[in-house]
Amino acid sequence: MPDSPGEMRVLMTQLVPEPAVELLRQAIGASGTLEINPDPDRIWTRQELIDKLRQGKYNALYCMLTNPIDGEVLDAAPDLQIVANMAVGYNNIKVEDATKRKIPVTNTPGVLTDTTADFAWALLMAAARRVAEADRFTRAGKFHGWGPLMMVGQEVHGRTLGIIGFGRIGRAMARRATGFDMQVLYYDRFTADPETERALNARSGSMDELLEQSDYVTLHTDYNAETHHLIGAPEFAKMKSTAYLINSSRGPIVDEAALVDALKSGQIAGAGLDVYEREPEIHPGLFEVENAVLAPHIASASLETRTSMAITAAENVLAALRGERPPNILNPEIYT
């Protein structure tokens with residue numbers, strides 16, 4: 001471990017909100033190093049990241065969900081003492097590779113729950129009430145006066161919300177649904193306690209039951225081998241033709257080609273998406289349909305939340321470089 005703050009050498013793969021940068025600068029001091037990708041809109045390639053790590057002898061990597069981290073990347077920095085991911089999800093990191101090298105990996109849980117749920121709800125409302133389509137319609141000069149059938153959408157209040165993944169964000173969505181007098185049906189490996197179910201007007205059900213009964217299906221589950229293409233052609237076939245799919249979790253949970261087919265054929269009514277299977281690539285078919293609301297992975301993008309995420313990641317970095325166990329560690333077994 002570094003003997004003094006002056007020996008801290010941190011590589012940050014993209015610029016983050018200033019309070020986190022300032023926190024690191026003050027802790028690192030004039031004799032340390034904080035190198036930040038100078039282009040806030042450009043993601044370093046994997047090889048560029050490897051080259052940077054080799055050149056700088058860094059002992060901390062402050063990275064984003066867009067940076068794939070595996071054994072080869074880690075071996076480029078033999079002095080590495082932490083990989084701090086500025087995200088809740090960490091499917092970009094092969095944690096087992098870091099564990100083998102006794103490198104702690106951290107994330108930023110608990111700071112973006114409500115912000116992400118807010119945006120998932122915004123996607124739901126926008127899809128149901130055709131907000132994005134209506135905006136394009138109006139900007140194109142097609143609005144010539146009120147009409148009884150113009151831009152007719154679907155009701156939200158009183159309907160059934162199906163939540164796949166009933167963790168923090170899933171439950172935050174359920175809380176929002178109570179304000180719209182919705183029935184909540186959820187699918188999760190773990191059943192909530194009766195008091196929580198009563199408070200959220202929610203009940204547990206099978207995946208098939210959820211898909212068949214829900215008017216809106218919203219995804220809030222982790223991405224892993226088991227959830228890859230959790231929603232595909234067989235699942236769309238079970239949904240109502242009037243149902244909507246909302247995804248603000250991880251893109252590969254949905255088979256994007258199957259989703260395009262379901263939207264084009266009218267098998268489901270619409271979708272609201274913030275994440276994509278091969279980001280930043282988006283299936284071209286999604287650009288061809290009006291019944292999909294598309295956002296560029298911004299569910300956590302409030303200034304307050306992104307600042308909290310950035311500070312949390314910085315605090316993880318500093319804890320590790322002080323020789324302490326980072327507060328949000330994903331592989332605590334390295335300390336046993």
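These notebook entries record what I looked up in a predicted model.

**Entry 1. Helix 1 against helix 12**

I began with the packing of two helices. Two packed helices are described by the angle between their axes and the distance between the axes. For helix 1 (residues 18-28) and helix 12 (residues 303-321), I noted an angle of about 20° and axes 8 Å apart. Angles under 35 degrees count as roughly parallel, and helix 1 and helix 12 are therefore roughly parallel to each other. I recorded the crossing of helix 1 past helix 12 as right-handed.

I then listed the residues that meet. Helix 1 contributes Pro 19, Ala 20, Leu 23, Leu 24 and Ala 27. Helix 12 contributes Thr 307, Ala 310, Ile 311, Ala 314, Glu 315, Val 317 and Leu 318. By character, the residues of this contact divide into 10 nonpolar, one polar and one charged.

**Entry 2. Helix 5 against helix 7**

I next examined helix 5 (residues 113-128) and helix 7 (residues 168-178), whose axes come within 9 Å and cross at roughly 55°. That angle makes helix 5 oblique to helix 7. The crossing of helix 5 and helix 7 is right-handed.

From helix 5, I listed Thr 113, Asp 114, Thr 116, Ala 117, Asp 118, Ala 120 and Trp 121 in the contact. They meet Arg 168, Ile 169, Ala 172, Met 173, Arg 175, Arg 176 and Ala 177 of helix 7. The residues of this contact divide into seven nonpolar, two polar and five charged.

I also looked up salt bridges here and found Asp 114, Asp 118, Arg 175 and Arg 176 linked in a network. Asp 114 and Asp 118 are on the helix 5 side of the contact, and Arg 175 and Arg 176 are on the helix 7 side.

**Entry 3. The buried residues of helix 7**

Which residues of helix 7 are buried? I found Gly 170, Ala 172, Met 173, Ala 174, Arg 176 and Ala 177 to be so. Arg 176 thus appears among the buried residues and also in the salt-bridge network of Entry 2. I asked what covers the buried residues of helix 7. The cover includes helix 5, strand 6 (160-164), strand 7 (183-187) and strand 9 (216-219).

**Entry 4. Other salt bridges**

I searched the whole structure and obtained 19 salt bridges. I followed up three pairs individually.

Lys 52 and Glu 35 meet through their side chains, with 3.0 Å from N to O. This pair links distant parts of the chain, Lys 52 being in helix 2 (residues 46-56) and Glu 35 in strand 2 (residues 33-36), 17 residues apart. Lys 52 has a relative accessibility of 24% and counts as partly exposed. Glu 35, with a relative accessible area of 26%, is partly exposed.

Arg 136 forms a salt bridge with Glu 290, the closest N and O atoms being 2.5 Å apart. I placed Arg 136 in helix 6 (residues 131-139) and Glu 290 in the loop between strand 11 (270-273) and strand 12 (292-294). The two residues are 154 residues apart, and the pair links distant parts of the chain. Arg 136 counts as partly exposed at 38% relative accessibility, and Glu 290 counts as partly exposed at 44%.

Arg 322 forms a salt bridge with Glu 324, with the closest N and O atoms 3.1 Å apart. Glu 324 is partly exposed, at 38% relative accessibility.

**Entry 5. Two loop residues: Arg 42 and Ile 93**

I located Arg 42 in the loop between strand 2 and helix 2. Is Arg 42 buried or partly exposed? At 36% relative accessibility, Arg 42 counts as partly exposed. Leaving aside neighbours within four places in sequence, I found Arg 42 in contact with Gln 14, Asn 37 and Glu 48. Arg 42 and Gln 14 are 28 residues apart in sequence, with 7.9 Å between their C-alpha atoms.

I located Ile 93 in the loop between strand 4 (83-85) and helix 4 (95-100). Buried means under 20% relative accessible area, and Ile 93, at 8% relative accessibility, therefore counts as buried. Not counting residues up to four places away in sequence, Ile 93 touches Cys 63, Ile 69, Val 83, Asn 85 and Val 105. I also looked up Leu 65, which is 28 residues from Ile 93 in sequence and 8.3 Å from Ile 93 in space, C-alpha to C-alpha.

Definitions and conventions. Residues numbered from 1 in each chain as written. Predicted model: local features only at pLDDT ≥ 70, side-chain atom pairs only at ≥ 80, totals over all residues. Heavy atoms only, no water. Axes fitted to C-alpha atoms, helices over the stretch in contact; angles between N-to-C directions. Helix = DSSP H or I, 4+ residues; strand = E, 2+ residues; numbered from the N terminus. Parallel < 35°, antiparallel > 145°, perpendicular 65-115°, else oblique. Left-handed = near helix turned anticlockwise from the far one by under 90°. Contact = heavy atoms within 4.5 Å. Nonpolar A, V, L, I, M, F, W, Y, C, P; charged D, E, K, R; others polar. Salt bridge = Lys/Arg side-chain N within 4 Å of Asp/Glu carboxyl O. Buried < 20%, exposed > 50% of the residue type's maximum accessible area, 1.4 Å probe, protein only.
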